[in-house]
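Reader: I'd like to learn how to read a structure like this one. Could you walk me through it, one feature at a time?

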Amino acid sequence: MIEVRELTKRYGDALAVDRLSFRVEPGHVTGFLGPNGAGKSTTMRVLLGLDVPTAGQALINGRPYTSMRRPLHEVGALLDAGAVHGGRTALDHLRWLARSNGIDRRRVTELLERVGLAGVARKRIGGFSLGMRQRLGIAAALLGDPGVLLLDEPVNGLDPDGVRWIRELLRSLAAEGRTILLSSHLMSEMELTAERIVIVGRGRLIADTTVRELAARYQRGVLVRSSREAELAGVLTAAGASVTAAPEGGLTVSGLDAVAIGELAAGHGIPVHEVRTRTASLEETYMELTAGDVEYGAGRRAEAVR
Ligand SMILES: Nc1ncnc2c1ncn2[C@@H]1O[C@H](COP(=O)(O)OP(=O)(O)OP(=O)(O)O)[C@@H](O)[C@H]1O
């Protein structure tokens, strides 16, 4: 389990993380989202003991990373897939990591298979594509069979096959009961991979919720079309709904769901041609939530979602 409590990190005058609190539970992938400069990498670095918090705590399994005796067995991380020695082979790189952490070298072979690099194990990393480096980074993160994984933008720069591969791997690792925090600035990616999402902007928490809740919260009413719209509007308003003309034609109804609207229309013998619940795409919702927090943009942020 990952727990960030009232975490603050300052770099001189810059406030990178501002009293941020959230928890990441095992069993599913949690997305860590926010625009550039939101504080995601800083939070991850503090969680991994690479940066010292100005205030607050960042705990893994109830303890700071720096107090772990065998950290690789508790936490696996992929921060920067490029940060490996290009002259080494994939096999040497993982064997060296395994040896320095008392891990059986059979685990290296097993992981090279799992990440699909067995065929290039004896090739120099310098010649690897970004996708191959990401796979190697994930193998390194998994060496100690850790229960917690922290991955900073692992799909950045990957082709669709690579993205799908990481998505499926992370889901299967989560299904094994691991705690997975995956950062990205792409909501579209999270929608497919994560069950929960923590959204940050300018170092502060904007939302800590499930993908499903976020989608439901931003429903934009129900669109109804009928040949007797004025009459239907009267019936729906009398039942407590608020009704406006939809820009694309038809009525936008809020306060009643699609089933209730259909039942009321049928009860009054009003023909209905279409009843459709409108949801904003998660991408739209995310853009609205973070609009005021984009480093180089303008706009206002929607109300915080907790
Ligand atoms: N070592 C540092 N020194 C000074 N400022 C820093 C340092 N590291 C991060 N910052 C600042 O802290 C803020 C948060 O940066 P951080 O890299 O954590 O954001 P991020 O959400 O990971 O962004 P990105 O998606 O661009 O990686 C930014 O304004 C950044 O410029």
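Author: Gladly! Let's begin at the ligand. β2 (14-24) and α1 (40-47) each supply at least two residues of the shell around it, and the model itself is a predicted one.

Reader: Which element gives the most to the shell around the ligand?

Author: That is α1, with three residues. The residues around the ligand include Tyr11, Ala14, Ala16, Lys40, Ser41, Thr42 and His185. Sorted by class, the shell holds four nonpolar, seven polar and one charged residues.

Reader: Now let me zoom out. How many helices and strands are there in the chain?

Author: The chain has 11 helices and 13 strands. Its C-alpha trace spans about 75 × 45 × 35 Å along the principal axes. The domain assignment gives domain 1 (2-215) and domain 2 (219-279), and the centres of these two domains, taken over C-alpha atoms, are separated by 46 Å.

Reader: How should I read a sheet, and what is the strand order here?

Author: The general idea is that strands of a sheet pair through backbone hydrogen bonds, either parallel or antiparallel. In this model, an open sheet of six strands with mixed pairing runs in the order β5-β6-β7-β3-β8-β9. At its edges are β5 (75-78) and β9 (204-210), each pairing on one side only. From one strand to the next, the twist averages 15°.

Reader: Which strands pair in the antiparallel sense?

Author: One such pair is β8 (residues 196-201) with β9, joined over six bridges. Here isoleucine 197 stands opposite threonine 209 in β9. For parallel pairing, look at β3: five bridges join it to β7, and four join it to β8. To follow these by eye, find glycine 31, whose bridge partner in β7 is leucine 182, and then leucine 33, which stands opposite isoleucine 199 in β8.

Reader: Where do the side chains of β3 point?

Author: First the general idea: in a regular strand the side chains alternate between the two faces of the sheet. In β3, Val29, Gly31 and Leu33 point one way, while Thr30 and Phe32 point the other way.

Reader: And is β3 enclosed or open to the outside?

Author: Five of the five residues of β3 are buried, so this strand is largely enclosed by the rest of the structure. Over the chain, buried residues make up 38% of the 306 residues.

Reader: What lies across the sheet strands?

Author: The helix we met at the ligand does: α1 lies across β3 (29-33), β6 (148-152), β7 (179-184) and β8, running at about 145° to β6. Helix α5 (residues 130-142) lies across β5 and β6, and its angle to β5 is about 165°.

Reader: Can we try a single residue? Why is serine 184 counted as buried?

Author: Burial is judged by counting neighbours, and the cut-off is 20 or more other C-beta atoms within 10 Å. Serine 184 has 22 within that distance, so it is buried. This residue is found in strand β7. Leaving aside neighbours within four places in sequence, serine 184 is in contact with Gly31, Leu33, Glu153, Val155, Glu189 and Met190.

Reader: What about residues further along the chain?

Author: Leucine 232 makes a nice example: it is 48 residues from serine 184 along the chain, and their C-alpha atoms are separated by 45 Å. For the chain as a whole, take the contacts between residues at least 6 apart in sequence: 68% of them join residues at least 24 apart.

Key. Residues numbered from 1 in each chain as written. Predicted model: local features only at pLDDT ≥ 70, side-chain atom pairs only at ≥ 80, totals over all residues. Near = placed C-beta within 6 Å. Nonpolar A, V, L, I, M, F, W, Y, C, P; charged D, E, K, R; others polar. Domains from an automatic or database assignment. Pairing = 2+ DSSP bridges. Axes fitted to C-alpha atoms, helices over the stretch in contact; angles between N-to-C directions. Contact = placed C-beta atoms within 7 Å. Buried ≥ 20, exposed ≤ 12 C-beta atoms within 10 Å, placed from the backbone.
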